[in-house]
Amino acid sequence: MFNINLSEKYLQEEMGTSDGTQIKYYKDNYWYKINSMGGEDEAEYLASGILKFSSLSKDDFVIYEKGQVNKRNSCRSQTFLKPSEDFYTFNRLHINVTSYPMFEETFKYKTLSKKVEYVVNFMKNTTGLDVTDYLRKNFSIDSIILNEDRHFNNLGVIMKEDGTYRTAPIFDNGRSMFIGNFSIKDNLPISENIKRVSCKPFGFGHKKLVEYFGKGFELDKEAAIKWIKKETSDRFRDLLVYQIERY
């Protein structure tokens, strides 16, 4: 675990949202995020830890560490950009091209297939990439950790120095594992609380997305569960074991 003090000169983003304020710092090729709701550091650490037991390559996902920034619980990750590369979220690209957010367009469509078709076609026309497999990978881990915040700003591509694109690794998993969901009740079984979880960016549930896209990776469930039981407390352990067994 890291422990670091950072001054305001390293502050990159302080953004107020309906979920609270997210404070980010950047120093020496590391991004630091301070918890705003409680537990996001643990969620990021556990999500990337689970993916280490998957069939994905190390370049497919960001690895997060837990620690403290200015005596506050936080997480950090190394930048996934190489020199002369630029990062664009799906939403930023859409605004650049159309002048309005991507969700405003997908909201017009009623079926999941039409929403996905629009996004895949837009990204193909804009970047030359087929992002279907990228979405499949993201939605697969989201289904395990119950990520409620995979909006179009948490999906992205990287423009390389030569002007071509590659998909970004899986990142930003902190709003998961029931964190920030005030409808969750401690007296309810996990199976009932899961029904209270929302899912972005298409407005369909995690199960529906995995059924539509298929699994994005294989997972060594036995090894992952053994690691989870060693690494985390009851708050996350029982939920993640339950979810991994169902994957």
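Me: Leaving aside neighbours within four places in sequence, which residues is isoleucine 179 in contact with?
Reply: A word first: this is a predicted model, in which local features need pLDDT of at least 70, side-chain atom pairs count only at pLDDT 80 or more, and totals for chains, interfaces and linings use all residues. Residues are numbered from 1 along each chain as its sequence is written, and side-chain values use heavy atoms, with hydrogens and water left out. Contact means heavy atoms within 4.5 Å. On that basis, the partners of isoleucine 179 are Met37, Gly38, Gly39, Glu40, Ala43, Gly174, Arg235 and Phe236.

Me: Is isoleucine 179 buried or exposed?
Reply: Isoleucine 179 is found in the loop between E9 and H6; helices (H or I, at least four residues) and strands (E, at least two) are DSSP runs, numbered from the N terminus. The terms split by relative accessible area: buried is under 20%, exposed over 50%, and partly exposed in between (1.4 Å probe, protein chains only). Because its relative accessibility is 1%, isoleucine 179 counts as buried.

Me: What distance separates the C-alpha atoms of isoleucine 179 and phenylalanine 236?
Reply: Phe236 is one of the contact partners of isoleucine 179. Along the chain the two are 57 residues apart. Their C-alpha atoms are separated by 9.9 Å.

Me: In the loop between E9 and H6, what is the phi of methionine 177?
Reply: Most residues other than glycine have a negative phi. Methionine 177 has a positive value, and at a relative accessible area of 2% this residue is buried. Aspartate 172, in the loop between strand E9 (165–167) and H6, also has a positive phi, of about 60°. For methionine 177, phi is near 55°.

Me: Which residue follows lysine 200 across a cis peptide bond?
Reply: Most peptide bonds are trans. The one after lysine 200 is cis, with omega near 5°. The residue on its far side lies in the loop between helix H6 (190–193) and helix H7 (206–213), and that residue is proline 201.

Me: Which residues have the most contacts inside the largest nonpolar core?
Reply: A nonpolar core is a set of buried Ala, Val, Leu, Ile, Met, Phe, Trp, Tyr and Cys residues joined through side-chain atoms within 4.5 Å. The largest one here has 31 residues. Helices H1 (40–51), H5 (132–145), H8 (221–231) and H9 (234–246) each supply at least two of them, and the largest share, six residues, comes from H1. Those with the most contacts inside this core are Ile50 and Ile144.

Me: How do the residues of the contact of H1 with H5 divide by type?
Reply: The contact is made by Ala47, Ile50 and Leu51 of H1 and Ile141, Ile144 and Ile145 of H5. For the sorting, Ala, Val, Leu, Ile, Met, Phe, Trp, Tyr, Cys and Pro count as nonpolar, Asp, Glu, Lys and Arg as charged, and the others, Gly among them, as polar. The split is six nonpolar, no polar and no charged.

Me: How far apart are the axes of helix H2 and helix H4?
Reply: Axes are lines fitted to C-alpha atoms, for helices over the stretch in contact, and angles run from 0 to 180 degrees between N-to-C directions. H2 (residues 90–98) and H4 (residues 112–127) pack at an angle of about 70°. The contact includes Phe90 and Leu93 of H2, with Tyr118 and Phe122 among those from H4. The axes are 11 Å apart.
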